[in-house]
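Reader: Please select one part of the model shown below and examine it closely, stating the geometric criteria as they arise. A connected account would be preferred to a list.

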Amino acid sequence: MTDSAREVVSTGIAGIDDILDGGFTRRRLVLVEGVPGSGKTTLALQFLRAGAARGEPVLYITLSETAEELVAVAASHGWSLDGITIRELTPPEAELDADEQNTMFHPAEIELASTTSLFLADVERMKPTCVVLDSLSELRLLAGGALRYRRQILALKQFFAARQCTVMLLDDLTATDRDLQVQSIAHGAILLEQLNPEYGSERRRVRVVKYRGVQFRGGYHDYVIRRGGLEVFPRLVAAEHRQETTRAKLPSDLPELDSLLGGGIEEGTSTLIVGAAGTGKSTIAAQFVAAAAARGQCASMFLFDERPQTLLSRCADLQVDLDRHVDSGLVTIQQVDPVELAPGEFIHAIRHAVERGNARVIVIDSLNGYLSAMPAERHLIIQLHELLMYLGQHGVATILIGAHQGLIGAQMNTPVDASYLADAVVLLRYFEMAGEVRQAISVVKKRGSKHERSIREFRLDQGRIRVGETLRGFRGILTGVPVYDALTGGERTRTPDERA
């Protein structure tokens, strides 16, 4: 079937529709696999509710849960199941009576045929367009053997196809020996996974194993189950978002800092600000955000390590007027809890800020917190690369904050090295001079434009951000313990306080 001839039906979940290039192919059989608790029933109900909303007849065949339990699941999401016919085929209470149990014939000879005949009659009578069969584990047990089970699934596939039904089969993966029999028969196969980290809440992700004739988005996609159903966050693919952008300068409105950066940061580029704790990394990022908002541009800040109220209070003390811009809606600040937020959901929040909030500046503070949300550094780097490519293609200026481990000394490092991904790197360091701990700022990398290679003094005092003159006459400032050398600089550079 060509793409132009493919007729699709919505799954009721925007993220899965996006992954499947529009949704399920009509009149096909789809397998949804997942361990108990992964959200299969919720997904199935969303699928049928979407069909009922279109005015189509839909049928839920349950072999394991009761209709009362399904109504309770729907109620937990604030849903009504009006328009959905539920056919309950769970074993009756009489099965507990030993006198009523059959011991002469195998269940496959009696129970399987009687069970299937019941719901097949419902299909003939209702003529539903969408059907859910929950779950295959019951049919597998009734079949009694792999051969009979496979033949039963093939027969069901033929039956539903002849009656123009789009069918979702649910499998809870409780079989001891998992086979791929149904995957090979089904038109599509979707796997729901639930991961249980050592700390924090469970993580869930979905993967399309196969889908015939559809250019689906492969790989893992994070999802969450909240009141209202499954919310799926499709994996970001930067190549899908290419567009023409400008490279306009975005100054910080601090002349000395803009001089260091060759006029400021550029649209469509990423800037990494690294330094030890307390050197002023977040404050510099906030200054760029405030300057952009003062020009009428939107900006979004995502904080992993600091409360928004604390950031706003510090900025107010330094005359960085973020409060006003937050109140006006030009600046949004979102606190991110890496323990509770899936990486895909975080990427989704950034996309929402760019595509709907029209953000021109994005701040991620910090990469250390971002790393906590990822299972391994190699995954972080790949996802961060895609994110920066996407933001660059939208002309967004991205500011990344990276915290060094340690305070003073030559052996300073970060938990994750993203310096090669960033277009510009701003380095903040502590150094010792005349019995005081002071700070230095320098730009060690900037792609595509000129910048100063000098090291300037940087201070946060007297209610202002102060970038001083070049620290001449010293060597070894970046080691933290500089040495005054008259041969390299002549007269010692005055500090900002001395110049005042």
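Author: An axis here is a line fitted to C-alpha atoms, taken for helices over the stretch in contact, and angles are given between N-to-C directions on a scale from 0 to 180 degrees. Helices (H or I, at least four residues) and strands (E, at least two) are DSSP runs numbered from the N terminus. The model is predicted, so that local features require pLDDT of at least 70 and side-chain atom pairs pLDDT 80 or more, while totals for chains, interfaces and linings use all residues. Residues are numbered from 1 along each chain as its sequence is written, and side-chain values use heavy atoms, with hydrogens and water left out.

With these conventions, the axes of helix H2 (residues 40-53) and helix H3 (residues 67-76) come within 11 Å and cross at roughly 80°. H2 is therefore roughly perpendicular to H3; that label covers 65 to 115 degrees, with under 35 roughly parallel, over 145 roughly antiparallel and the rest oblique. In contact terms (heavy atoms within 4.5 Å), Thr-41, Thr-42 and Leu-45 of H2 meet Leu-70, Val-73 and Ala-74 of H3. This contact comprises four nonpolar and two polar residues, with no charged ones. The nonpolar class is Ala, Val, Leu, Ile, Met, Phe, Trp, Tyr, Cys and Pro; the charged class is Asp, Glu, Lys and Arg; the others, Gly among them, are polar.

The chain as a whole contains 16 helices and 24 strands. Of its 500 residues, 53% are buried, where buried means under 20% relative accessible area, exposed over 50% and partly exposed in between (1.4 Å probe, protein chains only). Among contacts between residues at least 6 apart in sequence, 68% join residues at least 24 apart.

The part chosen for close attention is the strand pairing. Two strands are said to pair if DSSP finds at least two bridges between them. Strands of a sheet pair through backbone hydrogen bonds, either parallel or antiparallel. One open sheet of nine strands has the order E5-E4-E6-E7-E3-E8-E9-E10-E11 and mixed pairing. Strand E5 (84-88) and strand E11 (229-233) are at its edges with a single partner strand each, so one side of each has no neighbour in the sheet. From one strand to the next, the twist averages 20°.

Within this sheet, strand E8 (residues 188-195) has six of its eight residues buried, so the rest of the structure largely encloses it. E8 runs parallel to strand E3 (residues 29-34), with five bridges joining the two; Glu-33 stands opposite Leu-191 in E8. With strand E9 (residues 203-211), E8 pairs in the antiparallel sense over eight bridges, and Glu-193 stands opposite Arg-205 in E9. E9 in turn pairs with strand E10 (residues 220-226), again antiparallel, over four bridges, and Arg-204 stands opposite Tyr-223 in E10.

Another open sheet of nine strands, also of mixed pairing, follows the order E16-E15-E17-E18-E14-E19-E20-E21-E22. Its edges are strand E16 (331-335) and strand E22 (464-470), each with a single partner strand, so one side of each lacks a neighbour in the sheet. Here the twist averages 20° from one strand to the next. Strand E21 (residues 455-461) and E22 pair in the antiparallel sense over five bridges, with Arg-459 opposite Arg-466 in E22. Helix H9 (residues 281-294) packs on this sheet, with E14, E18 and E22 among the strands touched, and its direction makes about 165° with that of E18. Helix H10 (residues 308-317) touches E15 and E16, its direction making about 135° with that of E16.

Several loops that adjoin these strands show notable backbone values. A cis peptide bond, with omega about 5°, joins Asp-134 and Ser-135; Ser-135 lies in the loop between strand E6 (130-134) and helix H5 (136-143). The bond from Asp-365 to Ser-366 is also cis, with omega near 15°, and Ser-366 is in the loop between E17 and helix H13 (367-372). Arg-27, not a glycine, has a positive phi of about 65° and is found in the loop between strand E2 (24-25) and E3; at 27% relative accessibility it counts as partly exposed. Gln-462 likewise has a positive phi, near 50°, and lies in the loop between E21 and E22; at 59% relative accessibility Gln-462 counts as exposed.
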